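This report describes a single protein chain, beginning with its overall makeup and then turning to its strands and its charged side chains.

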Amino acid sequence: MPHSQTSAPRGRVRLARGASPWLLPTVATAAISLVRARHSRRATALAVPATALAAGMLWFFRDPEREITEGRVISPADGVVQSIMPWKDGRTRVAIFMSPLNVHVNRAPLAGTVTSVEHIPGGFVPAFNKESENNERVVWHFDTELGDIEMVQIAGAVARRIVPYLPQGTKVEQGERIGLIRFGSRVDIYLPEGVDVAVEVGQTTTAGVTRIDRD
């Protein structure tokens, strides 16, 4: 049976940690413009786009509960498999592109211990572009039953901030929330040599639900 990560009360709207710097100003602007709209046509004109933007931010920063799938390696991200590439050291890299419509909270692909969390400065070209290999990123390493597992959060053209939730040394459960990438971006996971890939290029993945490897 799948193990559950559902802890929030049913019906409660959960928002991603790290959303406040973007979310609070837009919601406050929308609220103020709605109050002023009762007395001013100009404020009414502002209230419509401000409210739409606030609603969009609330949707973007949603963080739904998930029933975590059993399996050796599960998807760390919601999105579409962009590429599956053999690596020189025998590993296989699975790259998952996250559009602004996806949930942008990432989850641990396996249970284990966070052995390193490294921030690497870089550019901000679109995450689907080949040049995104040099984008700003956060590189994670997990000590797991399969050995060292590397996962990389890559910033995109709009995503200018990656927010890790966990420090080095933290023990994590499979499917546990580990970080947020704001707006369009990409997550890469490197499967160890000998582990077969179960997904295909173009396939949609759901963090904590889609299994990445095959028995």
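## Overall makeup

The secondary structure of the protein comprises 2 helices and 15 strands, in a model that is predicted. Over the whole protein the pLDDT averages 81, and 67% of the residues score at least 70. Residues 4–11 are a stretch where pLDDT stays under 50, and for these residues the model has 16 contacts beyond four places in sequence. Of the 215 residues, 46% count as buried, while the accessible surface comes to about 11,000 Å², of which 57% belongs to carbon and sulfur atoms. Among contacts between residues at least 6 apart in sequence, 70% join residues at least 24 apart.

## Strand S4 and its partners

Which strands pair with S4, and in what sense? Strand S3 (residues 79–86) is joined to S4 by 6 bridges, and the two run antiparallel; strand S12 (residues 185–191) is joined to S4 by 7 bridges, again in the antiparallel sense. Individual residues can be followed across these pairings: Val81 has Ile96 of S4 as its bridge partner, and Ala95 stands opposite Asp188 in S12. S4 itself, spanning residues 92–98, is mostly covered, with 6 of its 7 residues buried. The hairpin of S3 and S4 has 5 residues between the strands, and within this hairpin Gly90 takes a positive phi near 95°.

## An open sheet of three strands

A further group of strands, in the order S5-S11-S9, forms an open sheet of 3 strands with antiparallel pairing. Strands S5 (105–107) and S9 (162–164) stand at the edges with a single partner strand each, so one side of each is left without a neighbour in the sheet. Neighbouring strands of this sheet are turned by 25° against each other on average, direction ignored. The pairing of S5 with S11 (residues 177–181) is antiparallel and extends over 3 bridges, with Asn106 having Gly179 in S11 as its bridge partner.

## Salt bridges

The structure holds 10 salt bridges, and the table lists some of them with the distance between N and O atoms.

| Pair | N to O distance |
|---|---|
| Arg72 and Asp213 | 2.7 Å |
| Glu150 and Arg91 | 2.9 Å |
| Asp215 and Arg211 | 2.5 Å |

The side chains of Arg72 and Asp213 meet in a salt bridge that links distant parts of the chain, with Arg72 in the loop between strand S2 (67–68) and S3, Asp213 in strand S15 (residues 213–214), and their positions 141 residues apart in sequence. Is each partner buried or partly exposed? Arg72 has a relative accessible area of 27% and is therefore partly exposed, whereas Asp213, at 1% relative accessibility, counts as buried.

Glu150 forms a salt bridge with Arg91, and this pair also links distant parts of the chain: Glu150 lies in strand S8 (residues 147–155) and Arg91 in the loop between S3 and S4, 59 residues apart. Both Glu150 and Arg91 are buried.

In the salt bridge of Asp215 with Arg211, Asp215 is exposed, with a relative accessible area of 73%, and Arg211 is partly exposed at 24%. Salt bridges that share partners join Arg72, Arg211, Asp213 and Asp215 into one network.

Notes
Residues numbered from 1 in each chain as written. Predicted model: local features only at pLDDT ≥ 70, side-chain atom pairs only at ≥ 80, totals over all residues. Heavy atoms only, no water. Buried < 20%, exposed > 50% of the residue type's maximum accessible area, 1.4 Å probe, protein only. Helix = DSSP H or I, 4+ residues; strand = E, 2+ residues; numbered from the N terminus. Pairing = 2+ DSSP bridges. pLDDT = per-residue confidence, 0-100. Contact = heavy atoms within 4.5 Å. Axes fitted to C-alpha atoms, helices over the stretch in contact; angles between N-to-C directions. Areas by Shrake-Rupley, 256 points an atom, 1.4 Å probe, with all protein chains shown as cover. Salt bridge = Lys/Arg side-chain N within 4 Å of Asp/Glu carboxyl O.
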